[in-house]
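Reader: Hi! I have a structure to go through and not much practice. Can we take it in small steps?

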Amino acid sequence: METTSKKHLGRNISRIREMKGMKQETLAEILGISQQKMSVIENTEELDDAKLNEIAKALEVPANAIKEYSDEKVSKMINDMINGMYLIIL
């Protein structure tokens, strides 16, 4: 069964960040914001496309991976990227 979470973008960002083994502080640093601001973002349900694209780039995933998050899809995408075979279509 595929687990999909589309309604809370901040929570999806947090899940992807954690799956990549990245600390909130590290992502905040990449984005040039404070860890506290990153925490606010991860607790925000909706984000504008510009901010979402910036975060997706920092996480090295397509924005659709955040919008249409599922544990299975993102885990496979990360594994494929690690293996140099990033061929998933979301």
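Author: Sure. Let's start with a term: a salt bridge is a side-chain nitrogen of Lys or Arg within 4 Å of a carboxyl oxygen of Asp or Glu. Keep in mind that this is a predicted model.

Reader: Ok. How many salt bridges does the structure hold?

Author: Five. Arg17 is a good place to look. Its side chain meets that of Glu18 in a salt bridge, at 3.8 Å from N to O. Arg17 also forms a salt bridge with Glu42, where the closest N and O atoms are 2.7 Å apart.

Reader: What do the salt bridges that share partners join into one network?

Author: Arg17, Glu18 and Glu42.

Reader: Where do Arg17 and Glu42 lie?

Author: Arg17 is in helix 1 and Glu42 is in helix 3. They are 25 residues apart in sequence, so the pair ties together separate parts of the chain.

Reader: Are Arg17 and Glu42 buried or exposed?

Author: Both are buried. Arg17 has 7% relative accessibility. The cut-off for buried is under 20%, so Arg17 counts as buried. Glu18 is partly exposed, at 47% relative accessible area.

Reader: Is there another salt bridge I can look at?

Author: Try Glu54 and Lys51. Their side chains meet in a salt bridge at 3.5 Å, N to O. These two are three residues apart in helix 4, so about one helical turn separates them. Glu54 is partly exposed, with a relative accessible area of 35%. Lys51 is partly exposed too, at 22% relative accessibility.

Reader: Let's zoom out. How many helices and strands are in the protein chain?

Author: Six helices and two strands. Along the sequence the pattern reads β-α-α-α-α-α-β-α. The protein chain has 90 residues, and 37% of them count as buried.

Reader: What about the largest nonpolar core? How many residues has it?

Author: It has 22 residues. Those with the most contacts inside it are Ile13, Leu27, Ile55, Leu59, Val61 and Ile66. Helices 1, 2, 3, 4, 5 and 6 each supply at least two residues of this core. The largest share, five residues, comes from helix 4.

Reader: Why would nonpolar side chains be buried together?

Author: That is a general tendency in soluble globular proteins.

Reader: Pick one core residue for me.

Author: Take Ile13. It lies in helix 1. Its relative accessibility is 0%, so Ile13 counts as buried.

Reader: Which residues is Ile13 in contact with, leaving aside neighbours within four places in sequence?

Author: Leu27, Met38, Ile41, Glu42, Leu47, Ile55, Leu59 and Ile66. Also look at Leu52. Ile13 and Leu52 are 39 residues apart in sequence, but their C-alpha atoms are 9.1 Å apart in space.

Reader: And Leu27? What does Leu27 touch, not counting residues up to four places away?

Author: Ile13, Arg17, Met22, Met38, Ala58 and Leu59.

Reader: Next, helix 2 and helix 4. At what angle do their axes cross?

Author: At roughly 115°, and the axes come within 10 Å. The crossing is right-handed. Leu27, Ile30 and Leu31 in helix 2 meet Glu54, Ile55, Ala58 and Leu59 in helix 4. By type, the residues of this contact divide into six nonpolar, no polar and one charged.

Reader: Now the loops. Where is the place of Glu45?

Author: In the loop between helix 3 and helix 4. Glu45 is partly exposed, with 44% relative accessible area. Leaving aside neighbours within four places in sequence, Glu45 is in contact with Lys7, His8, Leu9 and Gly10. The C-alpha atoms of Glu45 and Lys7 are separated by 6.7 Å, and the two residues are 38 apart along the chain.

Reader: Last one. What is the phi of Glu60?

Author: Positive, about 60°, although Glu60 is not a glycine. Most residues other than glycine have a negative phi. Glu60 is in the loop between helix 4 and helix 5. Its relative accessibility is 53%, so Glu60 counts as exposed.

Key
Residues numbered from 1 in each chain as written. Predicted model: local features only at pLDDT ≥ 70, side-chain atom pairs only at ≥ 80, totals over all residues. Heavy atoms only, no water. Core = buried A, V, L, I, M, F, W, Y, C linked by side-chain atoms within 4.5 Å. Buried < 20%, exposed > 50% of the residue type's maximum accessible area, 1.4 Å probe, protein only. Helix = DSSP H or I, 4+ residues; strand = E, 2+ residues; numbered from the N terminus. Contact = heavy atoms within 4.5 Å. Axes fitted to C-alpha atoms, helices over the stretch in contact; angles between N-to-C directions. Left-handed = near helix turned anticlockwise from the far one by under 90°. Nonpolar A, V, L, I, M, F, W, Y, C, P; charged D, E, K, R; others polar.
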